[in-house]
Amino acid sequence: MTVLTGFAWETRWLGLRSLRRFYRVPANPVSIVLFPIIQLFLFSQLYKDIVTLPGFGGQTSYLAYLAPGQIVFTVFLATAWSGTNLLVDYRNGILDKLRVTPINRYSILAGELVTLFVECAIMAGTILVLSVLLGASVATGLPGAAMILLLGACFGVTWAGTSFLPALLTKNEQATGTLSILFFPLAFMSTAFVPVALMPEWLQVVNRWNPITYVIEAMRSLMAVGWDWPAIGQAFVAIAILGLVLHGATLWAFRRLTA
């Protein structure tokens, strides 16, 4: 067995363990999708006439505009406290037991990330299906829907670094949860609810550097316009850059914890 094959095998089994741990508690997936569903139902009705403003560029349905943002919100919530799982294993001594086994220690981290990829795709798919049932459409069909799930899952794996890093550095669940909440304004300052044209100038500047906005706009083009490859490419570039920064730091913190 090659090193790469062994790493993939170890990641698979550790990922299955994490996935079972997540779905063993039914409240986990329910709590993740509940807030975006409430926003999708309420905001699409309360502000349905907001699309008449010129900044929406001819959009006729606020539900169709809102849906991509809520898909990203779901992914955001699915990963916001993901780092606490590592802390639970650390405090219970499971990390120490895994370290003395003949496995690559980075497969421990990879197992968590693979699980998050699957969870984010499932959660994003749930909101996408509900959006379609409520009246939204996907202009690019099933291939576009698959691309939306891929964007959501990749963003989720990347965004998990905002939870993994403080968890590994502080070794404290409360501190990790508090720091995760501090990232919520970034989601609300994105184009999840209104287009950039209707934002104050300073928020427009923020959104030029906000990776969440790029992901939302790529999903929105897939749902409402078609295959806008420049928007999709920008989203993947934003995800890649953010991933290099966050997971580069996460790997350093993980080495520091398990040294």
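Student: Is lysine 171 buried, exposed or partly exposed?
Tutor: Lysine 171 is partly exposed, with a relative accessible area of 34%. Keep in mind that this is a predicted model.

Student: Okay, and where does lysine 171 sit?
Tutor: Lysine 171 is in the loop between helix 8 (161-170) and helix 9 (173-181).

Student: What about the phi of lysine 171?
Tutor: Lysine 171 has a positive phi of about 55°, although it isn't a glycine. There's also a glycine with a positive phi: glycine 93, just after helix 4, at about 85°.

Student: Since you brought up helix 4, which of its residues are buried?
Tutor: In helix 4 (residues 83-91), the buried ones are Gly83, Thr84, Leu86, Leu87 and Asp89.

Student: Switching to the inside. Which residues touch the most other members of the largest nonpolar core?
Tutor: That core has 48 residues, and Ile71, Leu151, Phe155, Ile212 and Met223 touch the most other members.

Student: Which elements give two or more residues to this core?
Tutor: Helix 2 (27-46), helix 3 (62-79), helix 6 (106-134), helix 7 (141-159), helix 10 (184-188), helix 12 (211-224) and helix 13 (229-258). Helix 3 gives the most, with 12 residues.

Student: Any other core?
Tutor: Yes, a second, separate core of 16 residues, which includes Leu98, Ile108, Ala160 and Leu165.

Student: Back to leucine 151. What is leucine 151 in contact with?
Tutor: If you leave aside neighbours within four places in sequence, leucine 151 is in contact with Ala218, Met219, Leu222, Ala235, Phe236 and Ile239.

Student: And methionine 223, buried or exposed?
Tutor: Methionine 223 is found in helix 12, and at 3% relative accessibility it counts as buried. Not counting residues up to four places away in sequence, methionine 223 touches Ala67, Pro68, Ile71, Leu128, Ala136, Ser137, Val138, Ala139 and Ile148.

Student: How many residues lie between methionine 223 and threonine 140 along the chain, and how does that look in space?
Tutor: They're 83 residues apart along the chain, yet the C-alpha atoms of methionine 223 and threonine 140 are separated by 6.6 Å. For another pair, take arginine 20 and glutamate 201: 181 residues apart in sequence and 46 Å apart in space, C-alpha to C-alpha.

Student: Where is arginine 20 found?
Tutor: Arginine 20 is in helix 1 (residues 3-23), and it is partly exposed, with a relative accessible area of 46%.

Student: Now helix packing. What do you need to describe two packed helices?
Tutor: The angle between their axes and the distance between the axes.

Student: Let's do helix 7 and helix 12, then. How do their axes cross?
Tutor: The axes of helix 7 and helix 12 come within 9 Å and cross at roughly 170°. Angles over 145 degrees count as roughly antiparallel, so helix 7 and helix 12 are roughly antiparallel to each other.

Student: Which residues meet there?
Tutor: From helix 7 you have Gly144, Met147, Ile148, Leu151, Gly152, Phe155 and Trp159, and they meet Ile212, Val215, Ala218, Met219, Leu222 and Met223 in helix 12. By class, the contact of helix 7 with helix 12 divides into 11 nonpolar, 2 polar and no charged residues.

Student: What about helix 2 and helix 6, what's the angle there?
Tutor: Roughly 30°, with the axes of helix 2 and helix 6 coming within 10 Å. That makes helix 2 roughly parallel to helix 6, and the crossing is right-handed. In helix 2, Pro29, Ile32, Val33, Pro36, Ile37, Leu40 and Phe41 meet Met123, Thr126, Ile127, Leu130, Ser131 and Leu134 in helix 6.

Student: And where helix 6 passes helix 13, what is the handedness of the crossing?
Tutor: It's a right-handed crossing. The axes of helix 6 and helix 13 come within 11 Å and cross at roughly 135°, and helix 6 and helix 13 are therefore oblique to each other. Tyr106, Ile108, Leu109 and Leu113 in helix 6 meet His247, Thr250, Leu251, Phe254 and Arg255 in helix 13. That contact has 6 nonpolar, 2 polar and 1 charged residues.

Student: Last one: is threonine 191 buried or exposed?
Tutor: Buried, with a relative accessible area of 1%. Threonine 191 is in the loop between helix 10 and helix 11 (201-207). Leaving aside neighbours within four places in sequence, its contacts include Tyr65, Asn207, Glu217 and Arg220.

Terms used:
Residues numbered from 1 in each chain as written. Predicted model: local features only at pLDDT ≥ 70, side-chain atom pairs only at ≥ 80, totals over all residues. Heavy atoms only, no water. Core = buried A, V, L, I, M, F, W, Y, C linked by side-chain atoms within 4.5 Å. Buried < 20%, exposed > 50% of the residue type's maximum accessible area, 1.4 Å probe, protein only. Helix = DSSP H or I, 4+ residues; strand = E, 2+ residues; numbered from the N terminus. Contact = heavy atoms within 4.5 Å. Axes fitted to C-alpha atoms, helices over the stretch in contact; angles between N-to-C directions. Parallel < 35°, antiparallel > 145°, perpendicular 65-115°, else oblique. Left-handed = near helix turned anticlockwise from the far one by under 90°. Nonpolar A, V, L, I, M, F, W, Y, C, P; charged D, E, K, R; others polar.
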